[in-house]
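Welcome! Please take a moment to look over the sequence and the structure, and then read on for a short guided tour.

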Amino acid sequence: MKLKQTFLFTSFILSGVALLSLSTVLDGCKSKSTTYKLTGDTIADGKYLVELHCTKCHSLVPANMLTKNVWRMHTLPDMARYLGISTYGPDFYKDPKDTGGISIVNWQAIVNYYNKLAPDTLLPAKWPIALTNDWAGFTLKKPAGSNDISFTTMVAANPNTGNIYTSDLVANNLTEWSNNLQSKKVIGLPSAAVNANFTDVDNVILSLIGRIDPVDYPNGKIYGVNLVDNKLTANEIAGDMPRPVQTLSVDIDKDGHNELVVLGQGNTKGGIYMLKLGADNKAEKQFTITERPGAVQAISKDFNNDGYPDLMVLFGSGDEGLSLFINNKKGGFTSKELLRFPPVYGSTSFQLTDIDHDGNLDLIYTCGYNFRDSRILKPYHGLYIYKNTGDFNFKQTWFYPINGCTKAIATDFDKDGDIDIATIAFFADMKNNPAEEFIYFEQDKPMQFKANAVPVSKYGRWMAMDVSDLNKDGKPDIILGNYASGFLFQPNFSPSWDEHQPFIVLENSIKK
């Protein structure tokens, strides 16, 4: 996607909306300089213009999904640049009617539309089932605390050994922990790891994000780490990646050698990339699968049963949605949109599992990233279940509101034959309801759940989660990583959780 540069000169106020001249405009979203003749009907004019212009970049955001204040002072000013609002620029006096995008008159109509229809406040969602404070059969285990504040960005268990691996944003390291939660080995990294892919017993591929905040700064790297040396050893596979958040090892072209598929989340620029490795295990060639930024998670599977691996990818910013990339057997992919979500959802994770036992893989989906331009609690954030009605046509069948929901992992925790779900919420309502930071949903009847708020909020703030049978007793345990400071979005709130605990383990002691 090409970027057109303009100059930043000044700002002005329009009906309470602070509008800045552009520093950059995305050509792919930018509207041509045309003026719609207004009818005088605020709602009709605004509705038409919003559907005409705003949906060129993302799914429609209804006015009632944000408050008046957030629309006027945060979201609309941020969106103005994508519509080419660049007043007082160098060409303004040559042709004041040409702003490089929509006209100021039409922009004012959009502002008036949201200002009239948006509510003053968003009411919290009602829980469909009561949230119960209960350990639900789990037992708390903790490693020794640290003198430093924990900024844990990753917790990952090696399924072969049961060892736990963590990474910390400030320390920029990878730490190995034994089964009794003793630190064993540490290796320095260029930046924090946010994802681990254990390719075999002895090796892991790490996605090093570079900058954790959403900026266009491509200093992320992909590292390979050998786990069996007396001292952990690492080598750079690829560099200069736009905030990579996941790396898959897949034989895309069926030549007997795995390629790496990297999700470069980026910010306004990013994409999904395929790396072919040379004999030295370094990236030899790089191919772009898509230049679409915002990818947060991918699953590789032969979805169309043609013998070649495909990709299903969740995009969590901008043009949010779930996309299927079908392998064309020629080293490329064709894409199909399965679901689209409004950009205020902040999509965070998904899993595929046959939760209703009908033979089709259903969708477990979470949304709740809440640190962009609308940092308020949102009643539509939470845990969703979409039924697969066939050929990956998904229909929403269940929703549980969780403020700022970050991740869900679905598996049969209690070994009763059905799927249960564990969730974390990094942007939970920590001021009024910290219990929602971790919830265990036990499915006790078909598609009926008990919602257990396991009381662990005082031990940390959970950015990362993994599930693995750590003690090899046949039952999956849960690891929660504590990112203890920063990213606060609620006013007049002071954290009270333990800032020095890098992670905790919830050992599965459920008896059935």
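## A word before we start

Strands here are DSSP runs of type E with at least two residues, numbered from the N terminus. That numbering lets us say that K472 is found in the loop between β31 (462-468) and β32 (477-482). Please keep in mind that this is a predicted model.

## Two helices side by side

Let us begin with helix α2 (residues 68-80) and helix α3 (residues 104-117). Their axes come within 9 Å and cross at roughly 150 degrees. Angles over 145 degrees count as roughly antiparallel, and therefore α2 is roughly antiparallel to α3. The crossing in which α2 passes α3 is right-handed.

Which residues make the contact between α2 and α3? On the α2 side they are K68, W71, R72, L76 and A80. On the α3 side they are W107, I110, V111, Y114, N115 and K116. Sorted by character, the residues of this contact of α2 with α3 are seven nonpolar, one polar and three charged.

## A proline in the loop after α3

Moving along the chain, P119 sits in the loop between α3 and β5 (131-133). Is P119 buried or partly exposed? Its relative accessible area is 23%, so P119 is partly exposed, given that buried means under 20%.

P119 also brings together parts of the chain that are separated in sequence. P119 and N64 are 55 residues apart in sequence, yet their C-alpha atoms are 6.0 Å apart in space. Leaving aside residues up to four places away in sequence, P119 touches A63, N64, L66, T67 and K68. K68 also takes part in the contact of α2 with α3.

## The sheet β7-β8-β9-β10

Now for an open sheet of four strands, which has the order β7-β8-β9-β10 and antiparallel pairing. Its edges are β7 (152-157) and β10 (183-188); each has a single partner strand, so one side of each is left without a neighbour in the sheet. From one strand to the next, the twist averages 20 degrees.

We can walk across this sheet pair by pair. β7 pairs with strand β8 (residues 164-168) in the antiparallel sense over five bridges, and the bridge partner of A156 in β8 is Y165. Five bridges also join β8 to β9, where S167 stands opposite L174. Another five bridges join β9 to β10, and here T175 has V186 of β10 as its bridge partner.

## A closer look at β9

Why can strand β9 (residues 173-177) be called largely enclosed by the rest of the structure? Five of its five residues are buried, so the strand is largely enclosed. In a regular strand, side chains alternate between the two faces of the sheet. In β9, N173, T175 and W177 point one way while L174 and E176 point the other way, and all are buried.

There is a hairpin on either side of this strand. β8 and β9 form one with four residues between them, and N172 in its turn has a positive phi of about 50 degrees. The hairpin of β9 and β10 has five residues between the strands, and there L181 takes a positive phi near 65 degrees. As background, most residues other than glycine have a negative phi.

## The sheet β23-β24-β25-β26

Further along the chain is another open sheet of four strands, with the order β23-β24-β25-β26 and antiparallel pairing. Here β23 (347-353) and β26 (394-401) stand at the edges, each with a single partner strand, so each has one side without a neighbour in the sheet. Ignoring direction, neighbouring strands of this sheet are turned by 20 degrees against each other on average.

How many bridges join strand β25 (residues 382-388) to β26? There are seven, and the two strands run antiparallel. N388 has F394 as its bridge partner in β26.

## Positive phi in two loops

F392 lies in the loop between β25 and β26. F392 has a positive phi of about 55 degrees although it is not a glycine. With a relative accessible area of 13%, F392 is buried.

Finally, we return to K472, in the loop between β31 and β32. K472 likewise has a positive phi of about 55 degrees, although it is not a glycine.

Conventions:
Residues are numbered from 1 along each chain as its sequence is written. This is a predicted model: local features need pLDDT of at least 70, side-chain atom pairs count only at pLDDT 80 or more; totals for chains, interfaces and linings use all residues. Side-chain values use heavy atoms; hydrogens and water are left out. Axes are lines fitted to C-alpha atoms, for helices over the stretch in contact, and angles run from 0 to 180 degrees between N-to-C directions. Angles under 35 degrees count as roughly parallel, over 145 as roughly antiparallel, 65 to 115 as roughly perpendicular and the rest as oblique. A crossing is left-handed if the near helix is turned anticlockwise from the far one by less than a right angle, and right-handed if clockwise. Contact means heavy atoms within 4.5 Å. Ala, Val, Leu, Ile, Met, Phe, Trp, Tyr, Cys and Pro count as nonpolar, Asp, Glu, Lys and Arg as charged, and the others, Gly among them, as polar. Two strands pair if DSSP finds at least two bridges between them. Buried means under 20% relative accessible area, exposed over 50%, partly exposed in between (1.4 Å probe, protein chains only).
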